[in-house]
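Hi,

Here is the structure I promised to pass on. Have a look, and then read my notes below.

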Amino acid sequence: MVIDLRNIPEEGLDLSYKEAIERLSLDKEGYSFSADVAVNTHIKKEGDTVFISGSLEAEMEIGCSRCLMKFTFRINPHFAVDYIPSPQHKEEGELELTGSEMEVGFYKGDTLELDELVKEQIILSIPMQPLCSPSCKGICPVCGQNLNIKECGCGKDSISPHFAVLKNFLKKE
């Protein structure tokens, strides 16, 4: 969604809308969502600085990192981001940012695109190792059985032949 910064009233602007996953291009990155993303924001402008706060809601299908089964994961982050005009430089290319510039976003002209902010917040909300439940048992490393469904008959003490030498390492006196 594109916001015209000239039309933001002094008290701010409240927006609630649904954003299509296709527009955010998240489906092309391997993420599977069950519905559009619901976005609620408050946008306030003071001088050239734009303050955006809000939350979003989305549900996605994701694979458990232990048992590999798909499950529904709900995303509901709250965010607050400050935007300032992009620094004006004669040359395009690499630009060194100061410490204070690392904590803000930048915009050019009189418009601000919210899609990148929404996409960024979704990606940051996805855990690095998603779990279907905290007590997930995972899969058996020997036979591949999902241990949440059924225990397997594989020996828990079986050691790979590559590491069998290490078993006797601690027994030496």
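Let me start with a small puzzle: which residue does Glu61 stand opposite in S6? Scroll along the strand and you'll land on Thr72, which faces Glu61 there. Before you go further, keep in mind that this is a predicted model.

First, the overall layout. The protein chain has three helices and nine strands, and going along the sequence they come in the order β-β-α-β-β-β-β-β-β-β-α-α. Of the 173 residues in the protein chain, 29% are buried. If you take the contacts with a separation of 6 or more, 54% of them link residues 24 or more positions apart. The accessible surface of the protein chain is about 12100 Å², and carbon and sulfur atoms own 52% of that.

Now the strands. S2 and S4 pair antiparallel over seven bridges, and one pair to look up is Tyr17 with its bridge partner in S4, Val39. S4 then pairs with S5, again antiparallel, through nine bridges. Here you can find Ile43 bridged to Ile52 in S5. S4 and S5 make a hairpin with two residues between them, and Gly47 in that turn has a positive phi of about 65°. S5 in turn runs antiparallel to S6, with six bridges joining them; the Glu61 and Thr72 pair from my opening puzzle belongs here.

The S5 and S6 hairpin has six residues between the strands, and Leu68 sits in that loop. Leu68 is the one I'd point you to, as its phi is positive, about 70°, although it is not a glycine. As a rule, most residues other than glycine have a negative phi. Is Leu68 buried or exposed? Exposed: its relative accessible area is 58%, and the cut-off for that label is over 50%.

On to the inside. The largest nonpolar core has 33 residues, and Val37, Ile52 and Ile122 have the most contacts inside it. The elements that each supply at least two residues of this core include strand S2 (13-19), strand S4 (37-46), strand S5 (49-63) and helix H2 (115-125). Helix H1 (21-24), strand S6 (70-75) and strand S7 (78-85) are also among them. S5 gives the largest share, six residues. That puts Ile52 in two of my notes: it is one of the residues with the most contacts inside the core, and it is the bridge partner of Ile43.

What does Ile122 touch, leaving out residues up to four places away in sequence? The list is Leu24, Leu26, Phe33, Val37, Leu56 and Ile75. Val37, then, is a neighbor of Ile122 as well as another of the residues with the most contacts inside the core.

One last residue: Asn146, in the loop between H2 and helix H3 (164-167). Asn146 counts as buried because its relative accessibility is 9%, and the cut-off is under 20%. Its side chain reaches the backbone nitrogen of Asn148 at 2.9 Å. Leaving out residues up to four places away in sequence, Asn146 touches Cys67, Met69, Gly138 and Ile139.

That's my tour. Shout if you'd like to go through any of it together.

Cheers

Definitions and conventions:
Residues are numbered from 1 along each chain as its sequence is written. This is a predicted model: local features need pLDDT of at least 70, side-chain atom pairs count only at pLDDT 80 or more; totals for chains, interfaces and linings use all residues. Side-chain values use heavy atoms; hydrogens and water are left out. A nonpolar core is a set of buried Ala, Val, Leu, Ile, Met, Phe, Trp, Tyr and Cys residues joined through side-chain atoms within 4.5 Å. Buried means under 20% relative accessible area, exposed over 50%, partly exposed in between (1.4 Å probe, protein chains only). Helices (H or I, at least four residues) and strands (E, at least two) are DSSP runs, numbered from the N terminus. Contact means heavy atoms within 4.5 Å. Two strands pair if DSSP finds at least two bridges between them. A polar contact is a pair of N or O atoms within 3.5 Å; within protein, one must be able to donate a hydrogen and the other to accept it, and residues adjacent in sequence count only if both atoms are side-chain atoms. Accessible areas come from the Shrake-Rupley method with a 1.4 Å probe; for residues, only the protein chains shown count as cover.
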